[in-house]
Amino acid sequence: MNITNKSPVALVTGSSGGLGLAIARTFLEAGYRVVITGRDVSRLDAAKASLGRDSYVAIACGDVSEPQGAADAVQTAVSQFGRLDVLVNCVGTSDRGLAENLTLERLDELIRQNVHTALLCSVAAIPQLEIDQGVIVNIGSLASKVGARYLGGYVAAKHALAGLTQQMRLELKPRGIHVGLVNPGPIRRDDAGSRYQSRVEEDANVPAAAAKPGGGTKIKGLPPESVANAVLHCVRYRRPDLVLPRYLRLLIAVGHISPRLGDWLLLKFTSSKG
Ligand SMILES: NC(=O)c1ccc[n+]([C@@H]2O[C@H](COP(=O)([O-])OP(=O)(O)OC[C@H]3O[C@@H](n4cnc5c(N)ncnc54)[C@H](OP(=O)(O)O)[C@@H]3O)[C@@H](O)[C@H]2O)c1
């Protein structure tokens, strides 16, 4: 897709690697100018080099869980490209462990990474998004929809993000800003299984399979590109809430109508200690 100095602009937080980088690439290929963010400038430089189209990619290095870092990221988009059409709040951290062993410090850290980042970046972006009648997409998870076992404080943090997303969607609609939530299941990645190994090993009551993406749920890993395409779809069609893979929305709905059946499904299709 041709990009010009008038092309729309997308700011993707947490895009020096993982899903965020795949989202940045998808928007670039769809004709957007893109701002990528992260806390490590060398990772950002490498990510920018991997994207190509140098003059249409800007870097904002900083911690977006801090008000200044969030404001700087938005300011980079406006000062370098003159507008902001899309904010994708992709920064997020998962967790492993039993809820009963969750410390308040760890929960605070997860809320900071999954909720504060989205709130701060959204608040910083609202004035420009209102001018450009833009879209905010928050990256949720299946943990935004159900409370599966062994996910530490991740379920509480992603449920909070889901509630915040809906509230902001309703409040910002009259101002022409759309706010959507994309909820992917486990995503394929090179370090699958090793990332949460130590957290799982710390607790003898957590099954080894919980170290896997999605806490060892029996759902096939999604290619990051398909999740990135769903984010683009959410922007283009102003979709409020997407679940990937799509068939899981039905199971989530069943669980809301019948919590007893929902629990049975979760016990059957997620990892178990025995
Ligand atoms: N991976 C999955 O299976 C999966 C499934 C469902 C949903 N999700 C969600 O998808 C999103 C991305 O997950 P991921 O696994 O791809 O993440 P990841 O690989 O851990 O990447 C996180 C990115 O965010 C940056 N980052 C982290 N904290 C930051 C902060 N405070 N300020 C600025 N940048 C920060 C990291 O760079 P630096 O560390 O260098 O700053 C990196 O670029 C998360 O919201 C996650 O909850 C993931």
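**Exercise 1. Two rings**

Is Tyr32 buried or exposed? Then find its aromatic partner and name the geometry of the pair.

*Solution.* Note first that this is a predicted model.

Step 1. Look up the accessibility of Tyr32. Its relative accessible area is 10%. Buried means under 20%, so Tyr32 is buried.

Step 2. Search for aromatic pairs. The whole structure gives one. Its members are Phe27 and Tyr32, with ring centres 4.9 Å apart.

Step 3. Recall how such pairs are described. The distance of the centres and the angle of the planes are what we use.

Step 4. Check the angle. The planes of Phe27 and Tyr32 stand at 75°. Angles over 60 degrees count as edge-to-face, so this pair is edge-to-face.

Step 5. Check the partner. Phe27 has a relative accessible area of 0%, so Phe27 is buried too.

**Exercise 2. Charges over rings**

Find the rings that have the charged end of Arg96 or Lys268 over them.

*Solution.*

Step 1. Start at Arg96. Its charged end sits over the ring of Tyr196, at 4.2 Å from the ring centre.

Step 2. Go on to Lys268. Here the ring belongs to Phe269, and the charged end lies 5.9 Å from its centre.

Step 3. Test the distances. The cut-off is 6 Å. Both the 4.2 Å of Arg96 and the 5.9 Å of Lys268 pass.

**Exercise 3. Around the ligand**

Describe the surroundings of the ligand. How many residues surround it, and which are the closest?

*Solution.*

Step 1. Count the shell. It has 28 residues. The closest are Ser16, Arg39, Tyr154, Arg189 and Arg195.

Step 2. Sort the shell by type. Nine residues are nonpolar, 12 are polar and seven are charged.

Step 3. List some polar contacts to ligand oxygen atoms. A polar backbone atom of Cys90 is 2.9 Å from one. For Gly17, a backbone N or O atom lies at 3.4 Å. Tyr154 uses its side chain: a polar atom there lies 2.6 Å from a ligand oxygen.

Step 4. Ask how much of the ligand is covered. On its own, the ligand has 890 Å² of accessible area, and the protein covers 89% of that.

Step 5. Find the elements that give two or more residues to the shell. These are helix 1 (18–29) and helix 5 (154–172).

**Exercise 4. An acid at work in a contact**

Where does Asp132 lie, and which backbone nitrogen lies 2.8 Å from a polar atom of its side chain?

*Solution.*

Step 1. Place the residue. Asp132 belongs to helix 4, residues 104–132.

Step 2. Judge its exposure. Relative accessibility is 16%, so Asp132 counts as buried.

Step 3. Name the partner. The nitrogen is that of Leu84.

**Exercise 5. Unusual backbone**

Inspect the backbone at Pro245, Arg53 and Tyr150.

*Solution.*

Step 1. Take Pro245. The peptide bond between Leu244 and Pro245 is cis, with omega about -10°. Pro245 stands in the loop between strand 7 (241–244) and helix 8 (248–257).

Step 2. Take Arg53. Its phi is near 45°, a positive value in a residue other than glycine. Arg53 is in the loop between helix 2 (41–51) and strand 3 (57–61). Relative accessibility is 38%, so Arg53 counts as partly exposed.

Step 3. Take Tyr150. Phi is positive here as well, near 70°. The loop that holds Tyr150 runs between strand 5 (135–139) and helix 5. At 10% relative accessibility, Tyr150 counts as buried.

How values were computed:
Residues numbered from 1 in each chain as written. Predicted model: local features only at pLDDT ≥ 70, side-chain atom pairs only at ≥ 80, totals over all residues. Heavy atoms only, no water. Phe/Tyr/Trp six-rings, centres within 6.5 Å; stacked < 30°, edge-to-face > 60°. Buried < 20%, exposed > 50% of the residue type's maximum accessible area, 1.4 Å probe, protein only. Lys NZ or Arg CZ within 6 Å of the ring centre and 35° of its normal. Near = heavy atom within 4 Å. Polar contact = N/O pair within 3.5 Å; in protein donor to acceptor, adjacent residues only side chain to side chain. Areas by Shrake-Rupley, 256 points an atom, 1.4 Å probe, with all protein chains shown as cover. Helix = DSSP H or I, 4+ residues; strand = E, 2+ residues; numbered from the N terminus. Nonpolar A, V, L, I, M, F, W, Y, C, P; charged D, E, K, R; others polar.
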